[in-house]
Amino acid sequence: MNHDRLASVGHNNNGSQVLQTVQALYHFSSGNAEELNFNKDELMDVLEKPENDPEWWKCRKENGQVGLVPKNYVTVVQKTHRELGISGPPTTNYDIKPSMDGTFGGKPWYYGKLTRHQAEMVLNQKGVDGDFLIRDSESTPNDFSISLKAVYKNKHFKVQLKDGLYCIGQRKFGSMEDLVEHYKKAPIFTSERGDKLYLIKALT
């Protein structure tokens, strides 16, 4: 890891411009004096994203400590109460709720314009195996994706809308509700080892 540009690491740097606020996904113990120790869910301000060391961000903890943080250990917090001048806990990527707008607005499993990355994050944070959500396709307008929490790796399934029918693989359904009910009873995926995955319940 190249730390040439980070001579100020370890010093309080309250005058630095905050690029983003991040929240720790895991506990991290530093390997040297230039890295920060932090706990899971701890909030930090990103001060710099060094071009010569892209996997590490220079961050400041709330106690003023400044140091390097592995970027894959944190997630960017969306609009925070601190930025808005409001007291209270921050609103993070995990405060994602079913959409009240869009094609299936109001359905407990419909999350609208959610990205694959956001779906992964919210399933990992809040879901249990078998929890699922349905979101608008990022790549194809009018199509959808089902994101399912699974044991080893979350699964994502494309649902295409063709001639008024909802198609997944070779199967066709008259409505998304029919598709969901079908895959609550029949496996939506079967692994090479014979493990079967079902849509057990909408993410809550």
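Start by selecting Tyr73, which is partly exposed at 28% relative accessibility (buried means under 20% relative accessible area, exposed over 50%, partly exposed in between, with a 1.4 Å probe and protein chains only). You're looking at a predicted model, where local features need pLDDT of at least 70, side-chain atom pairs count only at pLDDT 80 or more, and totals for chains, interfaces and linings use all residues. Residues are numbered from 1 along each chain as its sequence is written, and side-chain values use heavy atoms, with hydrogens and water left out.

Keep Tyr73 on screen and add Phe28. Their ring centres sit 5.3 Å apart with the planes at 75°, so this pair is edge-to-face (rings of Phe, Tyr and Trp, the last by its six-membered ring, pair if their centres lie within 6.5 Å; planes under 30 degrees apart are stacked, over 60 edge-to-face, the rest tilted). Phe28 is in the loop between strand 1 and strand 2, while Tyr73 is in the loop between strand 4 and strand 5, 45 residues apart. Helices (H or I, at least four residues) and strands (E, at least two) are DSSP runs, numbered from the N terminus. Phe28 is buried, at 10% relative accessible area.

Now colour in the rest of the group: Tyr26, Phe28, Phe38, Trp56 and Tyr73 make up one aromatic cluster. In total, the structure has 11 aromatic pairs. For a ring with a charge above it, pick Trp57: Lys49 lies over its face, 4.3 Å from the ring centre (the rule is NZ of Lys or CZ of Arg within 6 Å of the ring centre and within 35 degrees of the ring normal).

Next stop, the charged pairs. There are 10 salt bridges to find (a side-chain nitrogen of Lys or Arg within 4 Å of a carboxyl oxygen of Asp or Glu). Try Arg60 and Asp45, whose closest N and O atoms are 3.5 Å apart. Arg60 belongs to strand 3 (residues 56–61) and Asp45 to strand 2 (residues 43–48), 15 residues apart. Arg60 counts as buried at 9% relative accessibility, and Asp45 does too at 10%.

Then select Glu48 and Lys58, which form a salt bridge at 4.0 Å, N to O. Glu48 is in strand 2 and Lys58 in strand 3, so the pair ties together parts 10 residues apart in sequence. For a mixed pair, go to Arg135 and Glu138, joined by a salt bridge at 3.7 Å: is each end buried or exposed? Arg135 is buried at 3%, whereas Glu138 is exposed at 53%.

Now hide the charges and show the largest nonpolar core, with 22 residues (a set of buried Ala, Val, Leu, Ile, Met, Phe, Trp, Tyr and Cys residues joined through side-chain atoms within 4.5 Å). Which element gives the most to this core? That's helix 3, with 4 residues. Click Leu179: not counting residues up to four places away in sequence, it touches Ile146, Val159, Tyr166, Ile168 and Phe173 (contact means heavy atoms within 4.5 Å). Apart from this core lies another of 13 residues, among them Val22, Phe28, Leu68 and Val69.

Finish on helix 2 (residues 116–126), whose buried residues are Gln118, Ala119, Met121, Val122 and Leu123. Those residues pack against strand 5 (74–76), strand 6, strand 7 and strand 8. Zoom out and you have 3 helices and 13 strands.
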